[in-house]
Amino acid sequence: MEINDPLPWYIAGPIIGLFVPAFLLLAGKELGISSSFRHACSILLPQRTKTKLTYFNYDWKKEGSWQLVFVLGLLFGGFVTQQWLGGAGIQLMPDNAGSSWEGILTLFFGGILVGFGTRWADGCTSGHTINGISQLKLSSLIASICFVAGGVAASFVHRMFFGGIVP
Amino acid sequence: MKWWKYPILLGLGVAFAIGLSKAQLISFVRIRRMFAFAEPHLYLVIASAVAVGLVSTLILKAITKKDIGGQDYQVKDRPFRPGIIFGGLIFGVGWYLTTACPGPIYALLGNLQWPALFILAGALIGAFLFGLLKPKLKD
C-alpha cells in the first residue's frame with residue numbers, strides 16, 4: 001500500500017473509531033462537528049437578533065472555539081490529502097455540482113436540510129453515530145437509524161420517480 | 001480550556017479529515033452506492049469505526065475518567081426526544097442530496113471542491129432556520 005492509495009474499510013474504519021477515545025483523553029471533549037453551524041450563526045448574527053433567537057445567544061468563544069479549531073483542522077486535513085497524499089482516489093462531487101442550476105440548487109437545498117436536521121437531532125454522523133453509539137447512548141443509535149433511513153428513502157424516491165442512477 | 005488543547009484539536013482535525021478522505025467517505029459515488037445498497041463499503045467503514053470506538057472507549061473509561069489535563073470529560077447526556085427522529089430523517093435526506101454529512105463538507109472544501117461552499121451556505125441557513133423555528137418545534 002502506497003501513501004497515495006485510499007484505505008480499505010478495515011483500516012479506515014478503526015482509525016475513525018479511535019477518534020472517540022482520542023477526543024475524550026486528549027481534549028476532554030466529545031467528537032462532534034455539526035454544532036459548528038450553530039457557532040457560526042452565533043458569530044455572524046447581530047446581538048439584537050440573538051436577543052430574540054435565544055438558541056444563538058451564548059458565549060461562542062467559551063462554548064465553541066475548541067470545535068471551530070477542530071473544523072479548521074478538517075479544512076487543512078482535506079488540503080493535505082489533496083496536495084500531498086494523492087487525494088481520495090475517487091471522484092468527490094458530481095460533474096454538474098457547481099456548473100448547473102440543478103446541481104447548485106440540490107447542494108444548497110440539501111445543505112439546508114443538513115443544517116436544520118442535525119441541529120434538531122443535536123448531532124450528525126460523527127457526534128451521534130461514531131461518538132454517541134460508542135458511548136452507549138440509545139438516542140444516538142435511534143438517530144443513526146433515522147439518518148440512514150432518510151438517505152435510503154431519498155435514494156429510493158430519486159431512482160424510482162426521478163430517473164436517478166447509481167454511479 | 002487550557003491553551004495547549006487547541007493545537008491538539010487542530011491536529012485531530014487534520015487527521016480526521018485525512019481519515020474521512022482516505023476512507024472515501026466524502027465521495028458522492030460512495031454515498032450514492034451506500035444509500036442504494038449497491039455496495040457495503042461505507043457501511044463497513046462506519047460499522048468498524050463504531051465497533052472500535054465502542055471497545056476502545058470502554059477500555060479508556062475503565063482506566064481513567066479524566067483527560068490528560070486532569071479534568072473530567074465534558075460528555076453530553078443525550079436523552080431521547082422526538083426531535084432526534086424528525087431531525088434525523090431530515091438530515092438523512094439532506095445527506096443523500098448533498099452526499100456530504102457535516103465532517104465531509106469541511107473535508108471537501110479542504111480538498112478544493114468549491115461547490116461544497118453551496119452545501120456549507122445551506123447548512124448555516126438551515127441551522128439559522130432551526131434557531132428561528134425552535135420555539136414552535138417539538139423538542
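A residue is buried if 20 or more other C-beta atoms lie within 10 Å of its own, exposed if 12 or fewer do, and partly exposed in between, with C-beta atoms placed from the backbone. Helices (H or I, at least four residues) and strands (E, at least two) are DSSP runs, numbered from the N terminus.

The model is predicted; local features need pLDDT (the predictor's confidence in each residue, from 0 to 100) of at least 70, side-chain atom pairs count only at pLDDT 80 or more, and totals for chains, interfaces and linings use all residues. Residues are numbered from 1 along each chain as its sequence is written, and chains are lettered from A in the order in which they are written.

**Exercise 1. State the confidence of the prediction and describe the build of chain A.**

Step 1. The predictor assigns the complex an ipTM of 0.96 and a pTM of 0.96. For chain B, the mean pLDDT is 96, and 100% of the residues reach 70 or more.

Step 2. Chain A contains 8 helices and 0 strands. Its C-alpha atoms fill a box of roughly 45 × 40 × 35 Å along the principal axes.

Step 3. Of the 167 residues in chain A, 51% count as buried. Two residues are in contact if their C-beta atoms, placed from the backbone, lie within 7 Å. Among the contacts in chain A between residues at least 6 apart in sequence, 52% join residues at least 24 apart.

**Exercise 2. Characterise the side of chain A that touches chain B.**

Step 1. Contacts link 101 residues of chain A with 99 residues of chain B.

Step 2. The elements of chain A that give two or more residues to this side are α1 (9-17), α2 (19-27), α3 (35-44), α5 (60-84), α6 (101-121), α7 (125-134) and α8 (138-161). The largest share, 17 residues, comes from α6(A).

Step 3. By class, this side has 66 nonpolar, 29 polar and 6 charged residues. Here Ala, Val, Leu, Ile, Met, Phe, Trp, Tyr, Cys and Pro count as nonpolar, Asp, Glu, Lys and Arg as charged, and the others, Gly among them, as polar.

**Exercise 3. Determine which residues of α7(A) are buried and what they pack against.**

Step 1. α7(A) is mostly covered, with 10 of its 10 residues buried.

Step 2. These buried residues are Thr125(A), Ser126(A), Gly127(A), His128(A), Thr129(A), Ile130(A), Asn131(A), Gly132(A), Ile133(A) and Ser134(A).

Step 3. Within chain A, they pack against α1, α2, α6 and α8, and in chain B against α3 (41-63) and α5 (102-110).

**Exercise 4. Locate Leu136(A) and Leu112(B), and assess their backbone and exposure.**

Step 1. Most residues other than glycine have a negative phi. Leu136(A), although not a glycine, has a positive phi of about 60°. Leu112(B), likewise not a glycine, has a positive phi of about 65°.

Step 2. Leu136(A) is found in the loop between α7 and α8 of chain A. Leu112(B) is placed in the loop between α5 and α6 (116-133) of chain B.

Step 3. Leu136(A) counts as exposed because it has 12 C-beta neighbours inside 10 Å. Leu112(B) has 13 such neighbours inside 10 Å and therefore counts as partly exposed.

**Exercise 5. Identify the leading members of the largest nonpolar core.**

Step 1. A nonpolar core is a set of buried Ala, Val, Leu, Ile, Met, Phe, Trp, Tyr and Cys residues joined through C-beta atoms within 7 Å.

Step 2. Of the 86 residues in the largest core, Ile105(B), Leu108(B) and Ile119(B) touch the most other members. Helix α4 (residues 83-98) of chain B gives the most to this core, with 9 residues.

Step 3. Leaving aside neighbours within four places in sequence, Ile119(B) is in contact with Leu107(A), Gly110(A), Gly111(A), Val114(A), Thr98(B), Ala100(B) and Ile105(B).
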